[in-house]
Every structure is written in C-alpha cells, then in structure tokens.
2 protein chains.
Amino acid sequence: MTELNARAAKLDAEDPLGYLRAEFDLDPAVVYLDGNSLGAPPRQVAGRVEEVVREQWGRRLIRSWPERWWVAPERVGEKIAPLVGAAPGQVVVADSTSVNVFKALVGAVRLAPGRREIVVDATTFPTDGYVAESAAELTGTMVVPAVVDELDDVLSERTAVVLLNQVDYKTGRLHDMAAATEKIHAAGARAVWDLCHSVGVLPIELDALGVDVAVGCTYKFLNGGPGSPAFIYVPHHLQAEFHQPLPGWGGHRDPFAMESSYAPAPGIARARAGTPDILSLLALDAALEVWDGVDMTAVRAKGLALTGFFIECVDELLGRAVEVVTPRGEWRGHQVSLRHHDASTLVAELTARDVIGDYRPPDVLRFGFAPLYVTYGDALRAARALADLLAERG
Amino acid sequence: MTELNARAAKLDAEDPLGYLRAEFDLDPAVVYLDGNSLGAPPRQVAGRVEEVVREQWGRRLIRSWPERWWVAPERVGEKIAPLVGAAPGQVVVADSTSVNVFKALVGAVRLAPGRREIVVDATTFPTDGYVAESAAELTGTMVVPAVVDELDDVLSERTAVVLLNQVDYKTGRLHDMAAATEKIHAAGARAVWDLCHSVGVLPIELDALGVDVAVGCTYKFLNGGPGSPAFIYVPHHLQAEFHQPLPGWGGHRDPFAMESSYAPAPGIARARAGTPDILSLLALDAALEVWDGVDMTAVRAKGLALTGFFIECVDELLGRAVEVVTPRGEWRGHQVSLRHHDASTLVAELTARDVIGDYRPPDVLRFGFAPLYVTYGDALRAARALADLLAERG
C-alpha cells in the first residue's frame, strides 16, 4: 500500500496535464470517476451562462440572433473539429445524440442506393439500436446485428451502412476504427461512427480514415453539461449528397427568407434541424475552452496510464474479488469496468464514501478516468475504497 | 396625440396584469415588441441557471440525474399543461419544435392507417412544411397544401393528418381550432396543431376539443430563452398507439435497464427521444414560474386590448402609410403585422431607436404584444416612432 501511495504521488507530481484540474469546479473531497457519463464543470461555465442570460438575452434581446447566436452551431462545431481530426466546415453542434444518429443513418442509407441493410454493433449503447430500427423501418431497410470482430460475416453487397461505437459503453473496449472503416468501404458500404465514449479520450482521425458520417455527445469527456447538444460530422465530399430526414429551417440555405420549399444549406449547416438551443450550446462553448493548447496525444497517454494504474491497484488490492472486464492492453478507452455480482449496491456504497462511479446492469461497475481532471491519487483512493468495502463484508 | 397619451396612461394604470412587468429583466429604455419571436427573460432565470451549474452539476454531479434531472421533461411539461388545456400526464418538454413536428406527423400518420395524405396549411411557418415533406417521404404519404378557410376542399377519406398553426406567424391571424378540429375529425383524419404563436397568448383547450397531437415552442410567449426546448402533447387515450420515429432511450419504459430492444414508456414519456438538455430545460422551468396564478382569460383580454390600442394608434398616427395585415376583429393572436414596401429598413431604423419588432419578408413589420410585460405606453411609443420615421422621410 505504501508503495502504491508513493507511485501515485510521483505520477501526479510528474503529470504534464496535472495543471488542468484547477480549471474544473470539483469538490476536493470527492473522487469523481463518472466523467464518461457526465463530465465535471469547467470553472468558466457558470459565469458564462449567467452572462448569456443577463447580457446577450436580457440586454440585446432578439438582436443577439443575427449578432452571434445563429452561427453558434457551426462555430462551436469548429472547436470540436480538431478533437476528431476534421478539417473546418464539417462538424456542427445540434440536437441530441439520438436525433443525430437518426439523421446520420437515414442520410447514410441515402448515400448507398439499392442497398438494404443497416449493420449495427450488437453490444452498442441501446439508443443507437433503437434509432437504427426506426430508421430501417422508415427507409425500407433492415437492421442486422453484428459482432465487431466478425464484420466480415455480415458485410455484403446488401450492406448500406454500418453503425459502430468506437469505444463500447459497457466494457470500455476500443475498436479499431481504421481497420473497420476499411472493411466497410471494401464492401461498398457507408461507415457511421458513434464517438460518444471516445471523443476527448484519444486522437481521432475522421478525415484521414475517410469516415462517412460520425456523431458524438459533448456531455461526457467534453464536459458540456447535462444533456448538452451533440455533434455530427459529414465530410466535405459527401455534404452535397447528404440528405437528412429532419429538414428544419436551421438547415435551410436561407433560413430567414422563409421560403416555402426546403433547400438545404450547401455546407455542414444542412445537418441542423430546428432552432438551436443557445443556453446549452454556449455553456458547451465555454466548456470547450479548457481544450485550448491541449495535445490529444498527451491526453491519450495519461488516460492509458491512469486506467493502467487503476487496474494495477485493483489487482493488488482486490485480487480476484472482482473481474476486470476492460481490455488490459491498448485497446481500451478511458474507463475501466469491473464485474461483481453485487455491482449495484457497491456503486451506491462507494458513492456514499464520495467515490463516484456508475453501474451498468446487470453486474458492471464503471469507472471513467477523464485525463483533464482525474489524478493517480484518485485512482488509488477508488481502488482502496472498493477493497475496504469488500473487506468489511468479510 | 395628447389624447392617446392620456388613454395609454389610464389603460396602464388600470391594467390588472401590470404588476407582472417587474418580473422581467427588461431595459426600461427599450420598447420590446418581439416577444413573439424571443420572449424577455424573467428575472429568476439567470440565478437559477447559475445554481444549476454550480450546485446541481458542480456539487451533485451525476447524482442529479436520478435525484431531479431525469424526470424534468415531464415535470416541466406539467407546468405547460394548464396553459394548453391539458390534464396531467399529457405534455412533455423535449427537443426542438421542428423535431417534435416530425414526431407528431409520423406518429399521427400511424394513427390513421390506410390514409395517405398529410394536409398542411399553405401559409404555415416554413419549417412545418419542410418537415411534413420529409415525414411524407418516409411514410409513403404525400403533402397536400391547403387554405385553412377551405379545408373542405381537400379533406377526404385519403386524409391521414392535418397540420395547422393556430396563429399564422406572418399575419397574426387566429384560426378557429374548434371548427377546424371538428371538420378534420368528421373526415376521419387526425388533427395536429402547432401552438408556437398561440401558447401563452390565449386560453387553449386541447383536451376539450379532442386534439390528437400538438406541439409548441417555449421561447416566444413562454419566455424560456433562446432556443429553449419545445413541447409535445398526446392525449391519454392515444398514447398507447402513438409510435413516434425517434425512439431514443429517453422514451424507453425502463431507460437505465439498457435493454437491447425498444419498448416505449406507457405514458407521455414515449414522446421523448435522447438525453434531455438540462440547462435549457431548467431555465425554462424557472421562466414558467411567472405564470403562477395568472389567468389566461385576463392575458387574452389584455392581448386583444393591447393590439387593438396599437392598431388604433397606427390608424391615427400613420393613416394610410402602412397597411394593417392582422385581422381587426377577435381572430388575431397577440401580434400586429403592418405592410410597407420598405419594411426591412424601417425595422432596422426602429431598432436603432430602441423600438424592437421584426421583419418578415418581403414587406411585413411584425410587432408582438406579450401581455405579461408590454404596456399600452409601449404600444403608443412604437406607433409614434414609426410615424416619426415616415414623417422624416417626407
């Protein structure tokens, strides 16, 4: 135990990203390991939101729409673009992830004429599968569940679209985006990636890999706040042919002309639907400022080191009392999932001791390690708290 | 002029809703007549939003989801229910109006099996028409444009759904919801109402009129803030059969069970899609507090009186220099639209003089009269400012 204490202290002292924790408004008494579900608030968000209400809304009133609000979805999208390897003009912030998955799938099916199957990762976050079923019903296609490692078994000339999560929400496993995208393209299908559990975690190269459409959420590792709006990526070369099924006035080429027919905007704005939700969007805008000057390679290195150190602590302090579900090698995101038959109760008891993770049924304890604010000391304290709990049970 | 001044002063002094203006954070120098586009901020919103960020998010972190956030869409929906004549359990706040129009139309088409036409008011706010075209394409139906006064010409056994705006966004004309709904039902079709320009304006009786589905926005006369989330109404007797096309986990009967198949919630929650946008939703929650104890009959009476007084001022001060587009009788909402060939420039010049309305192409000046914070003095000052502008032009 003493040795782990010393290791944690040394790792924290030498952490090149350690200075970033001060950017977050976190209770020092709490070990917060649920940033993969809801990121912690960057300090500037509260004041910014208040300013938006009092000044931009209260004083400028309707004038703020043309002055600054209308283009905010694209402007904030440009802040996310470098985090996903996208050149400018290809990312827009709008709606929820579920709604964007729907836009992405229907839009992608239309990019694959004559093909009638939507392949979906069978262990995907459920909402993706629900929305895929609806998209299939409405586009006259069908959903085919698949195991990511066995994509070859399902890909065919019938495959229109494949929807995959880069990091599995439950196990934390990281999939090989390059290899999967290549296979999907070799089958003549469109690759749609859900980045909810990977954006803000590791370098993503959407442009370089030729991904067709991607969506992601902003309230996990991007710390946008509860339910903050999601984003959608469509590369330049596909935008003219991308016809999404929610053609609200926000995606119109000339929204204030109030034309009676829909004509999509020429660029990524066509992925917008209705009126953007400005308070949440500008809270996200403020939250994204913490990424200025942050190198994603360093983020990834710390995330692997943090999760690796946590697994080491678990091994040493907990032994075989829990099963580490997350891959021990490099193919993992920044969460560690542990299996225990009493996971639900343990998560509640840990929370009562100010160690906050979460529970995913039926038997998984999840711990997220956001490299911008989680310390090695946090990782050790969490493992120790869990060990103590199990020891007290005898 | 002196007589109008005296009338305005007397009307304001006797206004039973006059006390409510103090609830809003409005610059006293500004005459704000664009609450039909973006309502003014109720005073408590800024502090509430800051509290949500600092306390609910910052201190409670993920614990706020089960403690208070997850059910907020239904809870805030219950605050809107009495404003639209809905018994509890039938209104939920979620997504944008455009997205809810899509849910409403696809859901309503499914409530009218075998029928293949979606009738849409030809002068509707454009986004409704755009979304209707998409809903039609995906459900194998077609859009039929109609004039509201001539619904009989288009209703038939082919009509699945009729989508109408209660108040026309451009002219301010109020349609007869009771008569139109009755006609639609007589044809065996479903009535979907867009309440964007009528909610917060007049008593609405969705339950009593047997409306099938309704949607509305909250950032106009409900003052929820820029792009605040919209609402959707589905009456109890149709909920079990209402299958909307965006089945995100938010609408699942057991969202945290992470089941692999979608099973809709039994009640109005099935109209939810993805993760709710909490900052904007709780800003709206705070904004709706100003309606506590407010009688919609009084709101309607003041709205008619305010718009009537404004029309009177326009007649007296502007004569034939502008055309009053809005109906002069009772069939109007709380906006007055004036036609002038140079409307766009005039709106900009008025704004420069702190009289804020808005412009709708090609030639309409719109002035919204929110009874909770607009005074008769504001109405007079606006008419006079416009008269001065035109007089200076000679």
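In chain A, 24 residues of domain 1 touch 20 residues of domain 2, contact here meaning heavy atoms within 4.5 Å. The model is a predicted one, so local features are taken at pLDDT of at least 70 and side-chain atom pairs at pLDDT 80 or more, while totals for chains, interfaces and linings use all residues. Residues are numbered from 1 along each chain as its sequence is written, chains are lettered from A and ligands numbered from 1 in the order in which they are written, and side-chain values use heavy atoms, with hydrogens and water left out.

Domain 1 is built from two stretches, 2–17 and 294–393, and domain 2 covers 47–291; these bounds come from an automatic or database domain assignment. The C-alpha centres of the two domains of chain A sit 30 Å apart. The size of an interface is often given as the accessible area lost when the parts come together. For domain 1 and domain 2 of chain A, the buried area is about 1800 Å², with carbon and sulfur atoms giving 66% of that; buried area is the accessible area (1.4 Å probe) that two parts lose on being put together, summed over both.

What holds polar groups together across this domain boundary? Ten residue pairs are in polar contact between domain 1 and domain 2 of chain A, both residues at pLDDT 80 or more. A polar contact is a pair of N or O atoms within 3.5 Å; within protein, one must be able to donate a hydrogen and the other to accept it, and residues adjacent in sequence count only if both atoms are side-chain atoms. Salt bridges (a side-chain nitrogen of Lys or Arg within 4 Å of a carboxyl oxygen of Asp or Glu) number zero across the interface of these two domains.On the domain 1 side, the elements giving two or more residues are α11 (296–318), β10 (335–339) and β13 (364–368) of chain A, with helices (H or I, at least four residues) and strands (E, at least two) being DSSP runs numbered from the N terminus. Helix α11(A) supplies the largest share, four residues. By class, this side of domain 1 holds 13 nonpolar, six polar and five charged residues. Here Ala, Val, Leu, Ile, Met, Phe, Trp, Tyr, Cys and Pro count as nonpolar, Asp, Glu, Lys and Arg as charged, and the others, Gly among them, as polar.

Turning to the two chains, 79 residues of chain A are in contact with 79 residues of chain B. About 6200 Å² is buried between chain A and chain B, and carbon and sulfur atoms account for 67% of it. This chain interface has four salt bridges and 19 residue pairs in polar contact, both residues at pLDDT 80 or more. On the chain A side, α2 (44–57), α3 (64–69), α5 (97–110), α6 (126–139) and α10 (278–287) are the elements that give two or more residues. That side breaks down into 43 nonpolar, 22 polar and 14 charged residues.

Side chains of opposite charge can pair when their charged atoms come close. Over all chains, the structure holds 56 salt bridges. One pair crosses between chains, running from Glu137(A) in helix α6 of chain A to Arg110(B) in helix α5 of chain B. The closest N and O atoms of Glu137(A) and Arg110(B) are 3.7 Å apart.

Aromatic pairs come to 22 over all chains. Rings of Phe, Tyr and Trp (its six-membered ring) pair if their centres lie within 6.5 Å; planes under 30 degrees apart count as stacked, over 60 as edge-to-face and the rest as tilted. The rings of Phe24(A) and Tyr373(A) have centres 4.8 Å apart and planes at 55°, so this pair is tilted. Phe24(A) lies in the loop between α1 (2–13) and β1 (31–32), and Tyr373(A) in the loop between β13 and α13 (376–393), so the pair links parts of chain A that are 349 residues apart.

A few backbone features round out the picture. Most residues other than glycine have a negative phi, and most peptide bonds are trans. In chain A, a cis peptide bond joins Pro361(A) and Pro362(A), with omega about 0°, and Pro362(A) is in the loop between β12 (358–360) and β13. In chain B, Pro361(B) and Pro362(B) are also joined by a cis peptide bond, again with omega about 0°; Pro362(B) is found in the loop between β12 (358–360) and β13 (364–368) of chain B. Met258(B), a residue other than glycine, has a positive phi near 55° and lies in the loop between α9 (236–239) and α10 (278–287) of chain B.
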